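Visitor: I have the sequence and the coordinates open. Could you walk me through a few spots and tell me how each label is earned?

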Amino acid sequence: MVNTNTLSIRYLKTIGIVNNGFNGRGFANPYDVAFGPDGEIFVLNRCDPARRSAIRVGVCNLAEEYLYEFGYGFGDGDGQMTLPVAMAFDAEGRLLITDEHTSRVNIYSNKGDVVSKWGVKGDSEGEFNGPAGIAVDSAGLVYVCDQRNHRIQKYTSEGKFLSQWGVRGSEPGEFNLPWGIGVDISDNVYVADWRNDRVQKFDSSGQYLETIGGSGEGSLNRPSGVSVDRNGNIYVTDWGNERLQVFDSNGKAISSMRGEATLSDWAKDFFESNQDEMETREISNLNPDIPDHLNTPYHISSQTESYFWGPVSVRIDSNNRLYVVESNRHRIQIYEIE
Amino acid sequence: MGNKEKSIVVVQLSGGNDYLNTVVPYGDDEYYDFRRTVHIEQEKVLPIDKVYGFSPHMAPIKRLYDQGKVAVINGIGYDNPNRSHFRSMDIWHTAQPDEIGTEGWLGRVIRDLDPSAENVLTGVNFGRGLPRALGVRGVPVASVGNLETYGLFPDIKDESAKKLALDAFAHMYGGVQGKDPVLNFLGQTGMDALKGADILRTAPQKYSSSIEYAANPIAQGMKSIAQVLLADFGTRVFYTQHGSFDTHSGEIATHAKLWDEVSGAVGDFYDDMKEHGKEDEVIVMIFSEFGRRIKDNGSGTDHGSGGVAFLVGGEVKGGMYGQYPSIKEADQLEGDLHFNNDFRSTYSTIVDKWFGLDPVPIVNGQFEQFDLVNA
Amino acid sequence: MNKDVSLMAHLMRRAGFGATRNELEGYLEDGYEATVDNLLDPGESGHMPDDIIRRYHVDQSELRQLDGAGAYWLYRMLTTSNPLEEKLALFWHGLFATGYAKLNQARALLNQIEMFRHYGFGSFRDLLVELSRDPAMILWLDNNENHKEAINENYGRELLELFSMGIGNYSEDDIKECAKAFTGWTLGNAEYMSVRASKDSIWPYGRIAWHYEYRADDHDGGEKKFLGKVGNFNGEDIVDIIVTQEATARFLSTRLFQYFASDEVDSDGELVISGMMEAYFQSGYKVSAVLRSLFNSDYFKSDKCMYSRVKGPVESVVGTVRLAGTYQEPTLDVHSLWAQTMFMGQGLLAPPTVEGWHEGVEWIDSGSLVERINFAAKELSDPTKDGVKDIIRRVTSNQKDLSDPEKLVDSCLDYMGPIQVQPDTREGLIEFAESQGAVQIQNGQPDENASIQVARLIGMIASTREYQLA
């Protein structure tokens with residue numbers, strides 16, 4: 001739990017369990033989360049090669065009911081996905097999913113019907129080379145991190161190109177393989193400028209405003225995702241440091257969290273029918289001291305179950321709940337912001 | 001001496017098949033207590049008797065069972081069950097539960113059937129890479145990914161270009177033997193491969209049948225096996241697999257689909273053999289590396305131990321063998337069905353009663369046999 | 001054929017995974033002995049960065065399964081600037097063969113490989129101590145079951161038999177005493193981790209990686225008698241005694257000789273091994289010194305040594321891919337490369353038993369040979385691949401007239417290695433080149449058809465018997 005004068009972030013619960021199959025509850029390398037109108041939590045399963053034929057979106061809710069799922073297989077056919085990265089609902093309640101392999105945005109209804117798609121591979125205006133993060137502003141306009149073109153592109157939700165900014169580089173306003181993207185209530189745009197180890201803030205026309213987490217306290221290492229709450233606090237999944245880094249609206253680092261996952265209901269069900277594992281788990285120290293040569297955030301997280309491992313996205317729902325998606329642990333840690 | 005005409009087809013269900021939802025103890029209320037979510041409803045079961053019945057997705061196998069052609073081997077397993085896919089599969093493959101074995105039991109069967117390795121096709125695996133069950137040093141086994149394109153240069157699509165490549169290959173590998181033993185060995189092995197492939201690829205052309213196999217991989221695998229078996233190349237051991245039966249989540253849907261596919265494929269294969277008058281010369285053995293937990297996890301089932309195997313064939317004495325393990329809490333083995341017969345009993349039965357070979361060195365010991373094939 | 005190029009190509013087939021002509025030219029500028037020195041003291045290697053791999057491949061970030069872990073290591077082999085570092089790690093992986101099947105913990109295996117990179121060139125003493133502390137090894141050989149009150153001899157036995165001295169150089173009592181010295185060497189949360197391993201459990205939240213833990217209360221601190229010495233030995237003391245043995249020097253030198261020089265050891269080879277043993281003791285057990293002695297020996301540089309080894313499947317796959325120039329960027333199907341090594345009989349990170357793989361001609365059977373040929377032929381007969389393009393460019397730019405199939409074949413053999421082939425093989429290749437018709441060059445450039453023809457010939461060379469040898 002984090003408390004500052006203005007902000008309290010309280011751990012609520014963990015949802016998810018690893019799914020090594022092709023259907024059913026649980027997540028398979030979840031990469032992003034989005035929120036439906038009736039409390040549905042949409043989870044994008046990127047899936048590893050062994051499970052890629054079952055690449056899909058799973059839908060559950062905060063009470064951990066697994067509601068339904070949809071997917072159309074691995075590939076570049078209609079509705080299919082290859083390496084999906086991120087998703088967001090547009091103003092009409094349709095789900096937009098980016099795919100960094102096919103350089104496409106797929107559009108689905110919130111029940112999973114295939115609606116349409118846009119995007120081709122290239123580096124001209126409107127084209128993509130590895131689209132990654134996606135966000136929708138209050139006017140329903142769509143921002144996409146065009147990863148390997150090192151730029152941000154802005155579209156209508158039908159995919160009509162509006163504008164772009166950024167080139168490859170490390171100066172302000174330049175990018176190196178940007179990943180996640182978020183907008184605040186004033187439609188400012190925040191970009192997880194992944195390989196420049198920083199978040200950059202722009203206005204909605206792409207005017208550079210400031211750099212967050214570039215150096216000093218809270219400095220970032222390969223940030224993957226960024227979201228901003230209604231008070232302007234900025235939440236970044238600091239992927240390379242395996243943590244959640246929080247900044248206030250002035251960009252000042254105010255807290256840093258490694259995660260505190262507990263067992264989801266689905267996980268409890270698992271232990272219910274696997275007592276042998278439960279018993280040996282109970283005598284274990286699940287927060288062990290790690291020897292020096294394995295003392296990197298990645299190694300520590302790989303051995304510490306409650307910590308974030310592979311945090312790839314952070315999103316905030318309409319009830320001010322914060323969701324951190326962990327690809328390597330197949331779960332979502334949920335926090336309440338007050 | 002082995003009986004020359006007899007062969008076996010081994011179908012491996014990879015991932016751990018859920019015994020309780022395959023042969024369902026639908027007459028036992030406790031089944032529904034432990035399986036609150038992941039169960040098969042009483043009225044859907046295909047009954048064997050008042051307590052047990054087949055999954056509704058095994059209709060073709062039920063049909064053959066009713067004809068007395070299916071032996072159900074209940075409660076199969078081994079001491080100190082291992083619940084890791086790799087390790088448990090290894091144990092089934094090498095017939096060595098206590099240490100890491102080096103030789104596959106079917107590889108040994110092949111060696112004993114064809115001690116001087118005269119026929120490179122005595123053992124044929126359908127799938128890429130060789131299962132350890134077939135692996136014994138010096139025992140050639142063909143691994144066939146796709147029967148139609150099997151052999152060298154499958155990626156050259158142009159037929160005339162392929163022919164040029166194969167001609168050049170024969171020239172390079174089949175030349176006079178030189179004094180370097182390694183190059184000679186490579187030459188010989190290359191020519192063996194060329195020969196084996198040439199023979200195998202003719203099987204589909206020789207084949208005709210009224211049976212239409214489904215399009216899924218196991219059905220196509222069984223069709224390829226039928227083609228090779230009916231082409232009379234002297235193949236005695238066939239191997240194939242299907243999966244994944246690792247149903248930790250969404251089991252009901254997945255398990256149903258898998259068994260629809262497997263039982264359809266095995267049923268079609270039997271009918272195909274019967275159409276060609278061969279149903280008495282081949283046995284199909286279906287097994288999995290372990291069964292699954294008695295209690296479900298709310299969506300699927302986790303790795304368990306005691307399981308079930310099936311033997312299907314014209315000469316099989318159909319019926320239930322072994323004992324269906326009790327699912328009562330007190331009778332469970334660490335939350336699993338308690339196995340009551342060692343898988344090597346079934347292996348021994350096949351090796352001895354079907355192939356007429358000495359089972360002891362093949363399965364690493366003496367095991368009680370079942371009386372389930374007509375000798 | 002240029003002798004210097006030929007010798008450098010030989011060195012790189014052994015100390016690496018072969019080399020492209022561009023790479024060979026770079027090494028030749030340094031010269032043979034300087035190249036050997038650089039290979040043995042590589043410093044930080046350049047390779048595809050971890051963050052790039054992890055962002056693209058979720059499976060190689062999580063490392064839950066074997067194929068992803070295997071692919072991760074293959075990327076390193078494919079893109080490293082220090083091939084000997086990986087080649088030597090692969091040697092240790094075969095010698096200290098630890099397999100996924102029992103562990104179900106790919107991360108721990110890769111940590112072990114990283115340990116090989118770190119300690120592999122240095123003192124054999126340090127390497128054996130680290131090996132004894134390696135969590136994957138501990139679980140693989142049951143040292144987590146080796147207790148003060150009830151010893152488990154598995155690790156103690158294999159340490160002596162398979163990892164350091166070889167059978168016949170110690171007694172059964174030495175094994176027991178050795179095992180006692182390693183009691184208490186275990187991994188953190190051993191009980192939970194071993195249940196998870198034995199069930200292949202990834203639940204609820206994926207794998208939990210392992211770390212070493214010493215349990216003093218489970219260590220037998222009593223007196224032990226080992227190889228004639230007496231003391232209250234702990235594991236390190238045992239290793240200290242092992243490394244001073246002549247048997248250890250012989251065992252290590254012989255295994256290195258067979259891996260890097262020749263499958264068979266003849267009397268000339270014995271002399272080289274004596275030199276390696278001397279280097280072992282003089283350097284204070286340094287592996288790099290032993291290897292330097294080998295690579296700089298006249299025997300190693302002789303014609304007799306060239307092509308006297310059957311390539312292992314992993315070196316065959318990696319060598320072919322490096323020559324083709326593919327997989328330099330994250331590539332969707334890289335995990336299938338791992339499967340290829342499995343189909344050819346050497347599943348990386350999955351040795352069949354603690355004895356590792358049977359090497360030499362035992363790599364070859366009709367199934368594995370077909371896999372090797374089909375893989376290499378497909379990879380190298382594609383004229384769109386950078387490495388293949390480069391060979392085509394060199395072949396075509398060096399020869400005005402490509403209508404002579406003999407010259408074409410010789411030129412391709414040269415730029416693919418150089419590779420030396422038997423007369424039968426050369427005739428077969430010439431016949432193939434002839435059958436394709438003359439290669440046309442326009443304005444010094446091969447047209448598309450000519451590129452395809454040369455590429456097919458390159459694929460054919462990759463299908464020869466000689467290509468199976470290093």
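**How the labels are earned**

Guide: Let's start with C:Asp142, which is partly exposed, with 14 other C-beta atoms within 10 Å. Keep in mind that this is a predicted model.

Visitor: Why is C:Asp142 called partly exposed?

Guide: Its count is 14 other C-beta atoms within 10 Å. Buried needs 20 or more and exposed means 12 or fewer, so a count in between is called partly exposed. C:Asp142 sits in the loop between α11 (135-140) and α12 (154-161) of chain C. Its phi is near 65°, a positive value in a residue other than glycine.

Visitor: And B:Asn364, is that buried or exposed?

Guide: Buried: B:Asn364 has 20 other C-beta atoms within 10 Å, and the cut-off for buried is 20 or more. B:Asn364 also has a positive phi, about 65°, although it is not a glycine. You'll find B:Asn364 in the segment after α11 (360-363) of chain B.

Visitor: What makes β7 of chain A largely enclosed by the rest of the structure?

Guide: Strand β7(A) covers residues 84-89, and 5 of its 6 residues are buried, so the rest of the structure largely encloses it.

Visitor: How do you know that β7(A) pairs with β8(A)?

Guide: Pairing takes at least two bridges, and 4 bridges join β7(A) to β8(A), residues 95-99, with the strands running antiparallel. A:Ala88 stands opposite A:Leu96 in β8(A). The hairpin has 5 residues between the strands, and A:Gly93 there takes a positive phi near 80°.

Visitor: What about β3(B) and β4(B), how many bridges do they have?

Guide: They pair over 2 bridges, in the antiparallel sense, which meets the cut-off of at least two. β4(B) spans residues 53-54, and B:Pro47 stands opposite B:Gly53 in that strand.

Visitor: Which strands are at the edges of that sheet?

Guide: The open sheet has 3 strands in the order β2-β4-β3 of chain B, with antiparallel pairing. Its edge strands are β2 (23-24) and β3 (46-47), as each pairs on one side only.

Visitor: Now the helices. Why are α2(B) and α9(B) called oblique to each other?

Guide: They pack at an angle of about 45°, with their axes 7 Å apart. Roughly parallel would need an angle under 35 degrees, and roughly perpendicular runs from 65 to 115. The angle falls outside these ranges, and the helices are therefore oblique to each other.

Visitor: Which residues of α2(B) and α9(B) meet?

Guide: From α2(B), residues 59-66, you have B:Ala59, B:Pro60, B:Ile61, B:Arg63 and B:Leu64. In α9(B) they meet B:Ser263, B:Gly264, B:Val266, B:Gly267 and B:Tyr270. The contact divides into 6 nonpolar, 3 polar and 1 charged. Gly counts as polar in that tally.

Visitor: Where are the cis peptide bonds you'd point out?

Guide: One goes from B:Gly243 to B:Ser244, with omega near 5°. B:Ser244 lies in the loop between β8 (237-243) and α9 (251-275) of chain B. Another joins C:Trp203 and C:Pro204, with omega about 0°. C:Pro204 is in the loop between α14 (190-199) and β2 (212-214) of chain C.

Visitor: Last one: how many residues does the contact take from chain B and from chain A?

Guide: It takes 17 residues from chain B and 15 residues from chain A. By class, the chain B side that touches chain A has 1 nonpolar, 10 polar and 6 charged residues.

Definitions and conventions. Residues are numbered from 1 along each chain as its sequence is written. Chains are lettered from A and ligands numbered from 1 in the order in which they are written. This is a predicted model: local features need pLDDT of at least 70, side-chain atom pairs count only at pLDDT 80 or more; totals for chains, interfaces and linings use all residues. Two residues are in contact if their C-beta atoms, placed from the backbone, lie within 7 Å. Axes are lines fitted to C-alpha atoms, for helices over the stretch in contact, and angles run from 0 to 180 degrees between N-to-C directions. Angles under 35 degrees count as roughly parallel, over 145 as roughly antiparallel, 65 to 115 as roughly perpendicular and the rest as oblique.
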